[in-house]
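Biologist: I should be grateful for a close look at one part of this protein, namely the place where its domains meet. Please then set that part in the context of the rest of the chain.

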Amino acid sequence: MHQVLSVGRSLSIQAHPDKELAEYLHKAQPSVYKDPNHKPEMALALTEFEALCGFISSEELDIVLDMVPEINEVVSNASVDQHDGEVKGRDLRSIFTKLISIDRDVIFKALSKLVNRLTRENETRQLTSKEELVLKLEKQYPNDVGVLASLLLNLVKLEPGDGLYIGANEPHAHLNGECIECMATSDNVVRAGLTPKYMDVKTLCSMLTYKQGLPEILKGVPINQYVRRYTPPFEEFEVDQCVVDQGGSVVFPALPGPSVFVVISGEGMMLTSTSEDGVSEGDALFAPAGTEVQVSSESEVRVYRAGVNNKVLLNP
Ligand SMILES: [Zn+2]
């Protein structure tokens, strides 16, 4: 399944449970967790695209706690892992758990202090992109703990053509830009802020991996002159980006699994042994397993193909 996503307003910070947890949650709370599936997903940027993804490194966490007293205050007694009186460093898991669980009035006070300070300082210095993000998010989601939590996540900026995949149990949020999003068929989401919807804080805090550092950005591997393949490390799917210049033509060989093609822009023809369709922006075509598909272009045509991850099909 895939969709074209245009993000104007930031979407909620969320994580998707792994298969085992999804099965458990669906059994325990079927009205909240509607299916027993996991939901690996990948975004391919069509424009410049911004997202929050994964937790910041320990070094960056130290900087945030030193530079943002408003956060430091609310997490202060969670922020240091002490052993026999010796400070062992800051523990991300307890800091995040403390932050995401604090009372609304504490969030309100910390946020208004932070926003006032940044608004003041904005007149005398250039704010960092994270600080600018805080001001923007607070306007969209006033008094939302996700605005503070965003400081603990990596701000990832994608260029057109970059791919970002989201593993199970990793916090993420789409902020702005346009992308092709490909995901497995599931609606299971555990929210972590930037949302008026239900937040299952206990499940969230226990499920996250607390892996730290920047996520991997996929650049795609060229398959031929017109096609780049993006292969995330899960078995559900891979995505081909295909841009055929005017008058050009490319063949997608028959594959052992089914594919879905979506035309993003331009005009052209899509041919199989049994069909011949003129296609343009917004058209989608399903190709069953074993179908060879030829794409030819009348004006530069941009097509995405999502299919089962071939690595899995070829080496079961
Ligand atoms: Zn998601």
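Modeller: The contact between the domains involves 12 residues of domain 1 and 13 residues of domain 2. On the side of domain 1 that touches domain 2, at least two residues come from each of β1 (2-7), β3 (41-45), β8 (163-166) and β9 (172-183). Sorted by class, that side of domain 1 holds 9 nonpolar and 3 polar residues, and no charged residues. The model is a predicted one, and the bounds of the domains, 2-217 for domain 1 and 220-314 for domain 2, are taken from a domain assignment. Between the C-alpha centres of domain 1 and domain 2 the distance is 33 Å.

The protein as a whole gives the setting for this contact. Its secondary structure consists of 9 helices and 19 strands. The C-alpha trace spans about 70 × 50 × 35 Å along its principal axes. Of the 316 residues in the protein, 37% are buried. Among contacts with a separation of 6 or more, 75% join residues that are 24 or more positions apart.

Within the bounds given for domain 1, one helix pair can be described in detail. Helix α5 (residues 104-121) and helix α6 (residues 129-140) have axes that come within 10 Å and cross at roughly 125°. An angle between 115 and 145 degrees falls in the oblique class, and α5 and α6 are therefore oblique to each other. The crossing in which α5 passes α6 is left-handed. From α5, the residues Leu111, Leu114, Val115 and Leu118 meet Glu131, Val134, Leu135 and Glu138 of α6. By class, this contact of α5 with α6 comprises 6 nonpolar and 2 charged residues, with no polar residues.

Further along the chain, two residues deserve attention for their backbone conformation. Asn143 is not a glycine, yet it has a positive phi of about 60°. The position of Asn143 is in the loop between α6 and α7 (145-149). Asn143 has 12 other C-beta atoms within 10 Å, and a count of 12 or fewer is the criterion for exposure, so Asn143 is exposed. Leu194, likewise not a glycine, has a positive phi of about 55°. Leu194 belongs to the loop between β10 (190-191) and α8 (201-207). Leu194 counts as buried because it has 24 C-beta neighbours inside 10 Å, the threshold being 20 or more.

Several positions within the bounds of domain 2 complete the account. Val227 is placed in strand β13 (residues 227-230). Val227 has 20 C-beta neighbours inside 10 Å and therefore counts as buried. Apart from neighbours within four places in sequence, the contacts of Val227 are with Asp240, Gln241, Cys242 and Val250. Of these partners, Asp240, Gln241 and Cys242 fall in the range of β14 (238-244), and Val250 in that of β15 (249-252). The C-alpha atom of Val227 is separated by 17 Å from that of Glu159, and these residues are 68 residues apart along the chain.

Two loops flank β14. The loop between β13 and β14 contains Pro233, which is exposed because 11 other C-beta atoms lie within 10 Å. From Pro233 to Leu148, the C-alpha to C-alpha distance is 30 Å, and the separation in sequence is 85 residues. In the loop between β14 and β15 lies Gly247, which is also exposed, with 11 other C-beta atoms within 10 Å. Gly247 and Arg125 are 122 residues apart along the chain, and their C-alpha atoms are separated by 52 Å.

Towards the end of domain 2, Asn310 is part of helix α9 (residues 310-314). With 15 C-beta neighbours inside 10 Å, Asn310 lies between the limits for buried and exposed residues and therefore counts as partly exposed. Its contacts, if neighbours within four places in sequence are set aside, are with Glu238 and Leu255. The C-alpha atoms of Asn310 and Leu194, the buried loop residue described above, are 36 Å apart, with their positions 116 residues apart in sequence.

To return to the part requested, the side of domain 1 that touches domain 2 is made up of 9 nonpolar and 3 polar residues, without charged residues, and β1, β3, β8 and β9 each supply at least two of its residues.

Technical notes: Residues are numbered from 1 along each chain as its sequence is written. This is a predicted model: local features need pLDDT of at least 70, side-chain atom pairs count only at pLDDT 80 or more; totals for chains, interfaces and linings use all residues. Domain bounds come from an automatic or database domain assignment. Two residues are in contact if their C-beta atoms, placed from the backbone, lie within 7 Å. Helices (H or I, at least four residues) and strands (E, at least two) are DSSP runs, numbered from the N terminus. Ala, Val, Leu, Ile, Met, Phe, Trp, Tyr, Cys and Pro count as nonpolar, Asp, Glu, Lys and Arg as charged, and the others, Gly among them, as polar. Axes are lines fitted to C-alpha atoms, for helices over the stretch in contact, and angles run from 0 to 180 degrees between N-to-C directions. Angles under 35 degrees count as roughly parallel, over 145 as roughly antiparallel, 65 to 115 as roughly perpendicular and the rest as oblique. A crossing is left-handed if the near helix is turned anticlockwise from the far one by less than a right angle, and right-handed if clockwise.
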